[in-house]
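Open the model in your viewer and keep the selection box ready. This tour goes stop by stop: what to select, then what is there.

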Amino acid sequence: MWSKISSLPLAVKQYLVITGNYWGFTLTDGALRMLVVLYFHQLGYAPLAIAMLFLFYEFFGVVTNLVGGWLGARIGLNKTMNIGLVMQVCALLMLTVPVEYLSVFWVMLAQAVSGIAKDLNKMSAKSGVKTLIPEGMSGKLFRWVALLTGSKNALKGLGFFLGGLLLALLGFRGALLLMALMLSLVAIFSIRVLKGEIGKAKSKPKFRQIFSKSAALNYLSAARLCLFAARDVWFVVALPVYLVSQLGWHHEYVGAFMAVWIIAYGLVQVYTPKITGSSKGKSPGPKLVSFWGLLLAVVTVLLVAALLYLQDTGTVLVTGLIVFGLVFAVNSSLHSYLILALSNQDEVSMDVGFYYMANALGRLLGTVLSGYLFQAYGLLVCLVAASILALLAALFIRKVNPHQSTSG
């Protein structure tokens with residue numbers, strides 16, 4: 001098998017290494033998220049308090065994407081990716097201290113390290129794909145991005161299941177130690193195999209260049225912010241806590257259900273080029289992306305109406321979540337393609353870094369709102385907020401000029 005891999009073109013081999021690296025990281029990231037939510041709910045934390053545990057995770061994701069894109073352009077994306085892996089191992093080990101030392105501040109600090117690690121790894125992986133594909137091959141770029149993003153989310157779903165399962169089997173500390181060991185092996189492999197010049201800019205970019213001067217990228221980033229806030233405002237804290245506290249689900253069942261949801265979500269992303277009719281070399285534009293954003297808003301409004309007027313809350317919620325996930329998956333995949341298609345080849349990590357800064361800001365907004373709105377008003381209000389944010393994402397996308405360069 002190794003001989004077959006060795007005979008592949010260099011770009012394909014590097015793509016496989018980047019994807020495998022991203023997979024390993026994502027598995028632990030999804031498991032860690034589920035472990036923290038379920039374990040601290042088990043300890044008696046309120047929904048808003050659980051949301052606050054992720055505040056530094058999301059906040060430092062905002063900072064990391066801005067600085068990380070600039071850093072990747074200066075030192076190479078392989079280095080930023082590997083730094084992310086090592087930092088995630090440190091974050092996992094930080095949480096293995098005895099329970100009496102697991103203060104809110106300490107958990108938030110560990111989550112900050114994990115947030116920095118996640119966004120360094122994500123920015124590096126997404127930017128790295130752009131550098132491996134020659135200019136003008138938009139169809140191939142869309143397929144590679146869809147495969148990377150979709151497979152990553154399928155693994156994140158498996159991570160959610162793994163988090164719930166390991167919490168039941170090994171406990172909080174045992175689960176963290178096992179994941180730290182696994183990710184350490186991935187980091188050693190990545191450091192040895194990944195090449196050194198991926199994504200390194202020909203000229204050293206100045207730090208002040210991290211902020212975008214492009215209207216197209218700014219509108220696209222605003223859309224991304226709203227899109228991910230629309231997901232996380234009900235998905236991150238409100239949904240798992242609701243399933244446990246209101247529907248009486250066990251932790252393993254919550255982890256398994258959310259795992260299946262994200263795995264299906266990831267598979268839809270892989271097939272997005274076929275779903276949108278873009279698999280034969282035709283690349284999607286802002287109008288198509290905006291249509292799918294409007295569809296997401298409509299789906300969320302229908303879910304609110306169904307929860308108001310139908311009696312079987314559990315069935316309605318599960319069905320609605322599946323439909324929401326399928327439509328959201330297409331939106332996310334289209335957005336991920338559009339930023340790479342519009343980014344400048346030599347400054348791709350900076351363009352992608354700025355864009356995923358907005359993504360992290362959306363997750364931060366969604367996470368805080370998820371805890372606050374659910375605790376104060378309940379799940380329905382979280383879903384109303386999600387529909388408004390999805391509509392805003394669709395409207396911002398319509399402002400993107402596909403012929404405008406993002407190079408500022």
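**Stop 1: helix 14.** Select residues 313-342, which make up helix 14. Helices (H or I, at least four residues) and strands (E, at least two) are DSSP runs, numbered from the N terminus. Put a distance between the end C-alpha atoms of helix 14: they are 42 Å apart, in agreement with the 44 Å that its 30 residues should span at 1.5 Å a residue. The expected span is 1.5 Å times one less than the number of residues.

Now colour by burial. Buried means under 20% relative accessible area, exposed over 50%, and partly exposed in between, with a 1.4 Å probe and protein chains only. In helix 14, 22 of the 30 residues are buried, so the helix is largely enclosed by the rest of the structure.

Two notes on the ground rules. The model is predicted, so local features need pLDDT of at least 70 and side-chain atom pairs count only at pLDDT 80 or more, while totals for chains, interfaces and linings use all residues. Residues are numbered from 1 along each chain as its sequence is written, and side-chain values use heavy atoms, with hydrogens and water left out.

**Stop 2: the whole chain.** Zoom out. The chain has 16 helices and zero strands. Of its 408 residues, 57% are buried. The chain exposes about 16100 Å², and carbon and sulfur atoms supply 69% of that area. Accessible areas come from the Shrake-Rupley method with a 1.4 Å probe; for residues, only the protein chains shown count as cover. Contact means heavy atoms within 4.5 Å. Among contacts in the chain with a separation of 6 or more, 87% join residues 24 or more positions apart.

**Stop 3: the core.** Which residues have the most contacts inside the largest nonpolar core? Select Phe172 and Trp234: they are the ones, in a core of 110 residues. Helix 14 gives the most to this core, with 14 residues. A nonpolar core is a set of buried Ala, Val, Leu, Ile, Met, Phe, Trp, Tyr and Cys residues joined through side-chain atoms within 4.5 Å.

Stay on Trp234. Leaving out residues up to four places away in sequence, its contacts include Leu303, Leu317, Leu321, Phe324 and Leu383.

**Stop 4: helix 13.** Select residues 286-309. The end C-alpha atoms of helix 13 are 35 Å apart, and its 24 residues should span 34 Å, which agrees. Its buried residues include Pro286, Trp292, Gly293 and Leu303. The buried residues of helix 13 pack against helix 9 (215-235), helix 12 (272-275), helix 14 and helix 16.

Pick Gly293 in helix 13. Gly293 counts as buried because its relative accessibility is 5%. Beyond neighbours within four places in sequence, Gly293 is in contact with Asn331, Ala390 and Ala394. Gly293 and Val327 are 34 residues apart in sequence, yet 8.3 Å apart in space, C-alpha to C-alpha.

**Stop 5: the salt bridges.** How many salt bridges does a search of the whole structure find? Two. A salt bridge is a side-chain nitrogen of Lys or Arg within 4 Å of a carboxyl oxygen of Asp or Glu.

Select Lys118 and Asp29, whose side chains meet at 3.9 Å, N to O. Lys118 lies in helix 6 (residues 104-132) and Asp29 in helix 2, so the pair ties together parts that are 89 residues apart in sequence. Helix 2 covers residues 10-42. Both Lys118 and Asp29 are buried. Asp29 also touches Tyr57, Gln88, Ser114 and Lys156.

Then select Arg231 and Asp232, which meet at 2.7 Å, N to O. Arg231 is buried at 9% relative accessibility, and Asp232 is buried at 2%.

**Stop 6: past helix 16.** Val400 lies in the segment after helix 16. Buried or exposed? Val400 counts as buried, at 5% relative accessibility. Val400 touches Ala216, Tyr219, Leu220, Pro286 and Leu342, not counting residues up to four places away in sequence. Val400 and Pro286 are 114 residues apart in sequence and 6.4 Å apart in space, C-alpha to C-alpha.

**Stop 7: the surface.** Select Leu294, Val384, Ile388, Leu391, Leu392 and Leu395. Together they form a nonpolar surface patch with about 470 Å² of accessible area. Patches are made of residues with over 30% relative accessible area and no salt bridge: like charges are joined within 9 Å, nonpolar side chains (Val, Leu, Ile, Met, Phe, Trp, Tyr) within 5 Å. Helix 16 (residues 379-397) supplies the largest share, five residues. End on Val384, in helix 16: at 37% relative accessibility, Val384 counts as partly exposed.
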